[in-house]
Amino acid sequence: MVSNGSNRGEKVPSLKLAVIQYGILFMMLALAGGLWRLQVLGAQNYRALAEQNRIRKEPIMAPRGKIFDREKRLIVDNYPSVSCFLVREQSHSVDADLPLIARGLNLDLDQLRATLHRFRTSPGYQPIPIKEDISADEQAFIAAHRNELPELETIDEERRLYPRDGFAAHLIGYVGEVSEDDLNNPRFAYYEPGDVVGKAGVEETYDALLRGTDGSRDVIVDSHGREVGYLRTQHAIPGQDLKLTIDLDIQRAAEQALGDRDGAVVVMNPKSGEILAMVSHPAYDPNEFAVKINRTDWSKLLADPDHPLMNRAIQAQLAPGSTFKILMSVAGLEEGVAQDMHVFCAGGATFYGHFYKCDRHHGMVDIEHAIPWSCDTFYYTLANKLGIDTIARYAHSVGLGEKTGIDLPNEASGIVPSTEWKLKNFHEKWFAGETISVGIGQGAVTVTPIQLARYISGIASDGHFVRPHVVDPSQLPAGFRESLLDQFPGSGDATIPLNPETWEIITNGMAGATDPTMGGTAAASHLDGVDFAGKTGTAQVASHEALEHMGHGVDTRPNGWFVGVIPRRDPEFVVCVLWEHGDWGSNAARLAAQVATVYVNKQRLLEKNVLQQAGAPKPGAGPVEMGAVWSESGAGGRSRSGVVEDDAELHGGHFFIDPEPAGAGSSGSEQSDSEGASEKTLVGSVPAAAADSLAGAVRALPSWPGAALPFKPEPVWWKATTKEPLP
Amino acid sequence: MRRFLSFRDFDWGLLGLVLILSTVSVLEIHSTTAHTRFASFESKQIMFIAAGMAGMFILAKIDYHRLLDWSPWAYVVFIVALIAVKLVGHKALGAKRWIALGPIQFQPSEWVKLVLVLVVARYFANLGGRNLTWREIFKAFALVGIPMVLVLVQPDLGTTLTYAPILVAGLFLGGISLRQAAILIVCGVALLAGVWSSGKVFKSYQKARLTSFINPDNDPRGSGYQIRQSLIAVGDGGIWGRGQSKGSQTQGYFLPIPYTDFIFAAFSEEHGFVGALSVLLLYFFILMRLIQNAQTAADLPGSLIIMGIVAVLTFQIAVNVGMVIGFMPVTGIPLPLMSYGGSSVLFTFLALGVAMNVRMRRFVN
């Protein structure tokens with residue numbers, strides 16, 4: 001058909017073929033140009049991209065530093081756990097797999113989607129943490145779906161294990177995933193989404209030390225994310241272990257003493273500022289935060305009217321009530337006003353046309369009795385004489401209404417009102433009538449438990465105030481220590497010289513508060529044989545007028561406070577108890593006494609232990625230096641009537657005992673002579689003869705008023721240290 | 001009057017070029033599949049090439065004028081086959097392209113290419129190369145358009161597009177005037193714009209595929225991913241390449257289907273700019289050789305047949321290599337003589353057989 005002659009001679013025009021040839025040449029040149037652009041000009045760039053494709057950084061989590069108590073007992077540990085990550089750099093879409101993943105890992109689908117959304121801007125090779133601490137079942141699910149869900153990865157890491165039942169929860173804090181808000185904060189510049197950071201307490205303050213440095217491993221993968229080899233491993237550097245100043249025994253005692261009451265307990269060494277215990281109730285279980293807490297539980301915690309997340313020990317800003325009277329006494333004595341003040345208490349007094357109540361008729365009251373009796377009328381009068389600005393000046397100088405500078409986040413400062421303060425905040429002038437209630441720690445005054453502990457111990461220590469802290473700074477790098485001081489400004493370490501008379505009157509007054517013979521407000525908290533001095537506080541939570549308007553259901557019972565020291569002067573132990581709605585300060589004092597008892601007993605046990613070791617000395621072992629604290633009431637001749645002579649009540653000192661029964665006494669004597677001090681060398685067998693011998697052998701150090709002892713002292717608890725290690 | 005035909009007149013030079021490319025293809029298929037479940041693909045490819053060469057020699061023996069005579073019947077048979085595929089075809093990868101004839105799986109759309117080359121050559125040869133009327137032009141459109149629509153609904157966009165250059169080459173060489181061409185281009189652009197925006201003919205994944213090459217990040221999980229990985233692979237090759245079986249993109253399976261559609265990317269990664277340019281040169285020589293054969297052909301139908309084949313091959317090379325280097329969208333068009341696949345290899349060799357056929361008979365008359 002076709003092959004007839006009609007088109008035999010016809011040909012395709014050469015011109016058209018030439019056009020096609022040039023067209024093909026042009027196309028080839030264009031393709032070659034494209035190859036040149038990619039392979040010659042862009043080679044380096046694409047090589048890098050190919051490497052990025054091939055190599056994935058897998059994080060190796062650094063184990064967080066452990067947290068110990070002062071005696072190296074473990075408080076916070078880590079445990080191995082498996083976390084599930086999602087890797088997006090896959091050829092297939094992850095979105096379709098989400099329902100299956102959510103089901104297999106027991107996750108909320110919406111929350112999972114939100115997590116992915118949060119990571120939308122981070123680079124594709126970065127794994128997204130989707131569930132932490134997965135169970136064995138969930139691990140099995142991932143293993144079983146390795147082919148369908150190649151995007152799921154598991155990573156072994158160490159996870160925080162906190163004490164149960166909220167033990168020391170506020171002090172320790174907790175860790176959590178760094179939040180989006182945090183990431184925008186310059187402080188968190190070095191953090192990446194998904195990083196775990198300390199969110200409260202010690203975990204937050206010392207995060208930089210505890211967290212260590214995560215390592216990484218460069219893994220060669222194929223496009224299915226399957227690992228086909230390793231290139232380089234950068235090992236994780238574990239976080240630094242931290243030794244707290246906390247004493248677990250004291251902490252436990254404080255936790256138990258407070259029980260299920262709302263409030264706080266702070267125990268501190270007034271000489272060093274080391275916090276021995278810090279309790280805030282109600283507490284929460286930080287273990288629930290270590291794994292991601294679900295939203296409902298979290299909002300429940302936030303919305304709880306009891307504020308379980310609040311560390312009351314440093315954040316509760318409440319009226320100090322009568323504990324403020326110590327400050328009033330200091331101000332009154334230092335100003336020379338209180339010494340000769342005699343006030344007649346008839347159940348209250350009238351100032352500026354308004355009657356201010358006292359809780360009983362104290363009759364004639366002077367400063368010596370005003371403290372133990374906590375007579376309001378006396379302090380109304382004193383406050384009226386001093387005026388608000390003098391009170392405020394003294395209060396600020398001892399750190400009330402100021403942060404203490406404790407190394408814990410979000411400390412509150414409280415308020416000490418003054419004319420300036422009122423003008424600034426209310427644009428009103430101060431009314432003299434308002435000063436009256438400030439005199440008993442009511443009105444606008446608010447303080448935190450940690451402030452009270454610091455202020456009472458500073459006054460009992462003759463004006464040596466310390467900065468409270470929960471971590472011994474000696475284990476911190478120098479730079480970090482510096483930055484802590486900047487990060488937590490506060491009243492810190494300070495010395496405010498006190499008149500000796502002031503010191504004596506106030507410390508004796510505080511001792512009277514726990515003395516039944518004085519009729520002190522905390523007489524029920526008297527500890528036999530322990531010089532436990534302190535001050536109660538019963539703080540109204542609302543004015544009487546407001547109370548009448550308040551409906552039912554609102555707890556209007558007053559807060560109970562107690563701040564106590566052992567011994568009364570130059571104390572080694574201070575405890576501050578806040579019992580919210582505890583009705584009376586004396587109730588809080590009973591809780592404080594429980595903690596004090598445990599402390600004293602522990603010291604006794606430690607001493608016995610040392611003495612047992614010292615009981616079998618090697619020849620030539622030197623005398624042992626002893627410190628002792630005791631009280632008159634522990635002695636045989638305890639009198640229950642009348643006012644005890646202050647000077648007669650001596651409570652402590654240092655002395656040497658020689659563990660060798662005989663012969664070594666001379667060396668001890670020489671030593672004490674050469675030092676020119678009044679240590680006494682003890683000769684006799686220890687410990688059998690210790691108690692008897694000590695009784696007659698102790699002489700107080702010169703720093704103590706009244707060098708001669710008019711009574712027979714009996715050591716009730718004591719502490720011995722050797723200058724050289726014991727054999 | 002018929003001259004003695006011998007294979008001395010066979011285009012051995014062209015066959016040599018083709019066999020070099022086929023060897024390169026087998027080696028690259030080996031490299032890309034060696035450690036996968038497709039590990040034996042290079043030997044399968046050798047079988048396809050062998051079968052293709054056998055077919056090529058057989059087809060070269062049959063006078064192309066006879067092939068042209070048969071072509072209308074073949075056209076009808078394959079139109080029916082395409083309809084059958086749509087009705088009873090075997091579904092693979094979401095599209096019905098295959099039909100089972102006994103044990104052999106059969107993809108009619110590849111064969112239609114060859115039939116169309118013959119049918120179009122025959123059609124325009126009969127018109128004698130004079131100026132075309134609009135009626136004749138529309139007839140040509142119908143001739144190519146019917147199988148295009150049938151393949152498009154399979155759906156197989158890539159193969160559909162490969163039919164178009166046959167028509168274009170036929171019209172260009174068959175005597176379309178500049179004015180007619182201009183009008184057709186304007187109408188075509190308008191129609192394409194209309195079809196595109198109507199959203200009925202193209203499925204959305206096809207649209208995404210067609211546009212993602214402009215900005216791969218628009219569709220980073222789908223075809224954008226393929227383009228991106230392909231660009232990385234090509235660029236990763238640099239001037240000298242990573243070496244045979246050493247491309248990380250290829251060996252790490254980042255490059256999608258590296259033994260078929262993206263084989264040029266795999267080859268470019270492992271053999272670099274030098275290797276890729278060499279392959280392009282081989283293609284250029286093959287095409288030039290074919291055009292030379294078209295020029296020396298004995299008659300107009302012979303020239304038109306070869307130019308139809310040139311058009312198909314040129315189009316496939318341009319689109320496939322263009323896709324690999326990011327100039328063209330992802331259309332699923334294999335690279336002739338390089339990509340793995342029986343239908344593609346057979347078509348190429350049979351088409352070359354027909355071209356040889358024309359060359360061997362260039363001194364007839």
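In strand β21 of chain A, W579(A) is the bridge partner of G560(A), and in this predicted model W579(A) also stands opposite G263(A). The first of these pairings belongs to the antiparallel match of strand β20 (residues 559-566) of chain A with β21(A), which extends over 7 bridges. On the other pairing, strand β11 (residues 263-268) of chain A is joined to β21(A) by 6 bridges, and these two strands likewise run antiparallel.

Is β21(A) mostly covered or mostly open, and how many of its residues are buried? Strand β21 (residues 573-579) of chain A is mostly covered, with 7 of its 7 residues buried. The cover applies to both faces, since F573(A), V575(A), V577(A) and W579(A) are buried on one side, while V574(A), C576(A) and L578(A) are buried on the other.

The hairpin of β20(A) and β21(A) has 6 residues between the strands, and within this hairpin D570(A) takes a positive phi near 45°. The loop between β20 and β21 of chain A also holds P567(A), which is joined to I566(A) by a cis peptide bond with omega of about -20°. A cis peptide bond is found elsewhere in chain A as well, from H281(A) to P282(A), with omega near 0°; P282(A) lies in the loop between β12 (275-281) and α11 (287-290) of chain A.

The backbone angles of chain A discussed in this report are set out below.

| Residue or bond | Angle | Value |
|---|---|---|
| D570(A) | phi | near 45° |
| A168(A) | phi | near 55° |
| H581(A) | phi | near 55° |
| H281(A) to P282(A) | omega | near 0° |
| I566(A) to P567(A) | omega | about -20° |

For A168(A), the positive phi occurs in a residue other than glycine, and the residue lies in the loop between β5 (152-161) and α6 (169-172) of chain A. A168(A) has 29 other C-beta atoms within 10 Å and is therefore buried, the cut-off for a buried residue being 20 or more. H581(A), again a residue other than glycine with a positive phi, is found in the loop between β21 and α24 (585-614) of chain A. H581(A) counts as partly exposed because it has 14 C-beta neighbours inside 10 Å.

Taken as a whole, chain A comprises 26 helices and 25 strands, and 44% of its 727 residues count as buried. Among its contacts between residues at least 6 apart in sequence, 74% join residues at least 24 apart.

The contact between the chains takes 39 residues from chain A and 50 residues from chain B. On the side of chain B that touches chain A, the elements giving two or more residues are α3 (64-88), α4 (108-127), α6 (157-174), α9 (223-237), α10 (248-251), α11 (263-296) and α12 (300-324) of chain B. Of these, α11(B) gives the most, with 12 residues, and the residues of this side divide into 28 nonpolar, 17 polar and 5 charged.

Within chain B, the axes of α12(B) and helix α13 (residues 342-360) come within 9 Å and cross at roughly 150°. The two helices α12(B) and α13(B) are therefore roughly antiparallel to each other, and α12(B) passes α13(B) in a left-handed crossing. In this contact G302(B), I305(B), I306(B) and I309(B) of α12(B) meet A351(B), V354(B), A355(B) and V358(B) of α13(B), a set that divides into 7 nonpolar, 1 polar and no charged residues.

Conventions. Residues numbered from 1 in each chain as written. Chains lettered and ligands numbered in written order. Predicted model: local features only at pLDDT ≥ 70, side-chain atom pairs only at ≥ 80, totals over all residues. Contact = placed C-beta atoms within 7 Å. Helix = DSSP H or I, 4+ residues; strand = E, 2+ residues; numbered from the N terminus. Nonpolar A, V, L, I, M, F, W, Y, C, P; charged D, E, K, R; others polar. Buried ≥ 20, exposed ≤ 12 C-beta atoms within 10 Å, placed from the backbone. Axes fitted to C-alpha atoms, helices over the stretch in contact; angles between N-to-C directions. Parallel < 35°, antiparallel > 145°, perpendicular 65-115°, else oblique. Left-handed = near helix turned anticlockwise from the far one by under 90°. Pairing = 2+ DSSP bridges.
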